[in-house]
Amino acid sequence: MEERKPWYKRPFLIMSFILIGLIVVVQIVILVSPGDSDSAPTATKSNSYDDYDADDDSYDDESDVSSDESSSSSNDFSTDTKTSLANLKADISTIPKENYDNIENSTLEKMDFDPTGANPSASSQISAAINSLKNVQKLADDAKELANKPDSDYTQNDKNKLTNYSNVLNEYLLAFKDYATVTYQDKYTSEDPSTSQSDKQLLIDEMNTARSNWTDKKNQWLNQYNEIINQQ
């Protein structure tokens, strides 16, 4: 009877074991590879999500900055009440109230002249009248700029009062300029004997309408002025 050789002395059997082992390894590699492939996109998605979160954080930071700036802007009204009122009174008194009456009277005097060629001074008087109207316009523009005073000089309530005062002063001066211009254009002709009665009446009505508007606007301004000056 032939003696059976140990398994490790049989080359064919050893080769079979090796071959089986290789097949198993290959199968494992094949099975594992798709899993790795799937895991890569997962990692990519995770990174993408992280990036999105980073962007969101950045956006939140920008929003916070914007919010802080808005909050800072809304908190500019930090002056105490006493200082704010003193600033308000000083700003509306840059030109004393009485000076506006002088400006009106001086301007209207310059509008009252004979503009015809028969008046040897007509040219210089016209220039003086136009310059006077320009000065009133400049005052109206300056009045509008009062609203741009720094918020930090006032409480919010006083800044609102200054803004309103700026508007009524501007409107009053523009209404006066309009009346002075109408007077400049109509007064001499309305007083000319050669002007028909109907034309005279039209000119007078135009001047009266302009005067009424100027008076109304001036009263609104005076009310605002007195209210602020008398504030305690």
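**Exercise 1.** Are Tyr165 and Tyr225 buried or exposed?

*Solution.* Start with the conventions. The model is predicted, so local features need pLDDT of at least 70 and side-chain atom pairs pLDDT 80 or more, while totals for chains, interfaces and linings use all residues. Residues are numbered from 1 along each chain as its sequence is written, and side-chain values use heavy atoms, without hydrogens and water.

Next, the cut-offs. Buried means under 20% relative accessible area, exposed over 50%, and partly exposed in between (1.4 Å probe, protein chains only). Both Tyr165 and Tyr225 are buried. For Tyr225 the relative accessible area is 9%.

**Exercise 2.** Classify the ring pair of Tyr165 and Tyr225.

*Solution.* Take the rule. Rings of Phe, Tyr and Trp (its six-membered ring) pair if their centres lie within 6.5 Å; planes under 30 degrees apart are stacked, over 60 edge-to-face, the rest tilted. The structure holds 8 aromatic pairs. In this one, the centres are 6.5 Å apart and the planes are at 40°, so the pair is tilted.

Now place the rings. Helices are DSSP runs (H or I, at least four residues), numbered from the N terminus. Tyr165 lies in helix α5 and Tyr225 in helix α6, so the pair ties together parts 60 residues apart in sequence.

**Exercise 3.** Repeat the classification for Trp221 and Tyr225.

*Solution.* The centres are 6.1 Å apart and the planes are at 55°, so this pair is tilted. Trp221 and Tyr225 are 4 residues apart in helix α6, about one helical turn. Trp221 is buried, at 1% relative accessibility. Tyr100, Tyr165, Tyr172, Trp221 and Tyr225 form one aromatic cluster.

**Exercise 4.** Compare the span of helix α6 with its expected span.

*Solution.* Helix α6 (residues 197-229) has 33 residues. The expected span is 1.5 Å times one less than the number of residues, here 48 Å. From first C-alpha to last, α6 reaches 47 Å, close to that value. Its buried residues include Lys200, Leu203 and Trp214. Their cover includes α2, α3 (97-111) and α5 (156-191); contact means heavy atoms within 4.5 Å.

**Exercise 5.** Which helix gives the most to the largest nonpolar core?

*Solution.* Such a core is a set of buried Ala, Val, Leu, Ile, Met, Phe, Trp, Tyr and Cys residues joined through side-chain atoms within 4.5 Å. The largest has 31 residues. Among those with the most contacts inside it are Leu88, Tyr165 and Trp221. Helices α2, α3, α4 (122-145), α5 and α6 each supply at least two residues. Helix α5 gives the most, with 11 residues.
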